Amino acid sequence: MSARILIVEDHPTMREAMRLVLEGEGFDIDEASDGAQALSAVHQEPPDLVLLDMSIPGVSGPDVLAAVKRDPTTSEVRVIVVTATGEEGRAAAMAGGADHYFTKPFSPIALLQAVEEVLGPEDAAPAR
């Protein structure tokens with residue numbers, strides 16, 4: 001069974017690029033373009049991993065992270081913060097419960113390495 005990843009990104013082109021890279025490696029992908037959609041998706045069927053943009057409309061990325069980590073039913077969901085903000089947001093994101101902090105722009109290889117690092121080798125290597 002391959003890991004389910006929720007991509008939370010408001011920019012359609014970036015979301016599509018991330019989806020194509022991850023689907024190409026066999027992951028099951030869900031998508032959300034704003035914070036409310038993200039929270040709804042996480043609570044309906046918690047994914048193995050959330051790739052969370054910090055600058056999303058509606059409920060902010062930091063608020064989505066806090067809500068996911070605060071709720072006992074979703075607190076074990078792993079979260080990689082994906083942001084164009086740069087390194088200055090790392091400390092706050094990690095303190096908020098993020099499992100990894102990843103800056104845009106990035107290469108497909110770097111994205112896959114971050115996912116594998118957070119999921120671990122057994123979840124990050126989907127069955128083909």
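**Exposed loop, aromatic pair and β-α-β unit**

P105 is exposed, its relative accessible area being 74%, above the 50% that marks exposed residues. In this predicted model, P105 lies in the loop that links β5 (100–103) and α5 (108–119). A separation of 8.5 Å is found between the C-alpha atoms of P105 and T83, which are 22 residues apart along the chain.

One aromatic pair is counted in the structure. It is formed by F102 and F106, whose ring centres are 4.9 Å apart; the planes meet at 55 degrees, so the pair is classed as tilted. F102 is buried, with a relative accessible area of 9%, in contrast to the exposed P105.

Towards the beginning of the chain, strand β1 (residues 4–8) and strand β2 (residues 28–32) run parallel and are joined by five bridges. Within this pairing, R4 of β1 stands opposite D28 in β2. Together with helix α1 (residues 12–24), the strands β1 and β2 make up a β-α-β unit of right-handed sense.

Helix α2 (residues 35–44) contains the buried residues G35, A38, L39 and V42. Viewed down the axis of α2, these buried residues fall within an arc of 95 degrees and therefore line one face of the helix. The elements against which the buried residues of α2 pack are β1, β2, β3 (49–53) and α3 (61–70). At the start of α2, the backbone nitrogen of A36 is approached to within 3.1 Å by a side-chain oxygen of D34.

Notes
Residues numbered from 1 in each chain as written. Predicted model: local features only at pLDDT ≥ 70, side-chain atom pairs only at ≥ 80, totals over all residues. Heavy atoms only, no water. Pairing = 2+ DSSP bridges. Helix = DSSP H or I, 4+ residues; strand = E, 2+ residues; numbered from the N terminus. Right-handed = clockwise from strand over helix to strand, strands pointing away. Buried < 20%, exposed > 50% of the residue type's maximum accessible area, 1.4 Å probe, protein only. Phe/Tyr/Trp six-rings, centres within 6.5 Å; stacked < 30°, edge-to-face > 60°. Arc of directions from axis to C-beta. Contact = heavy atoms within 4.5 Å. Polar contact = N/O pair within 3.5 Å; in protein donor to acceptor, adjacent residues only side chain to side chain.
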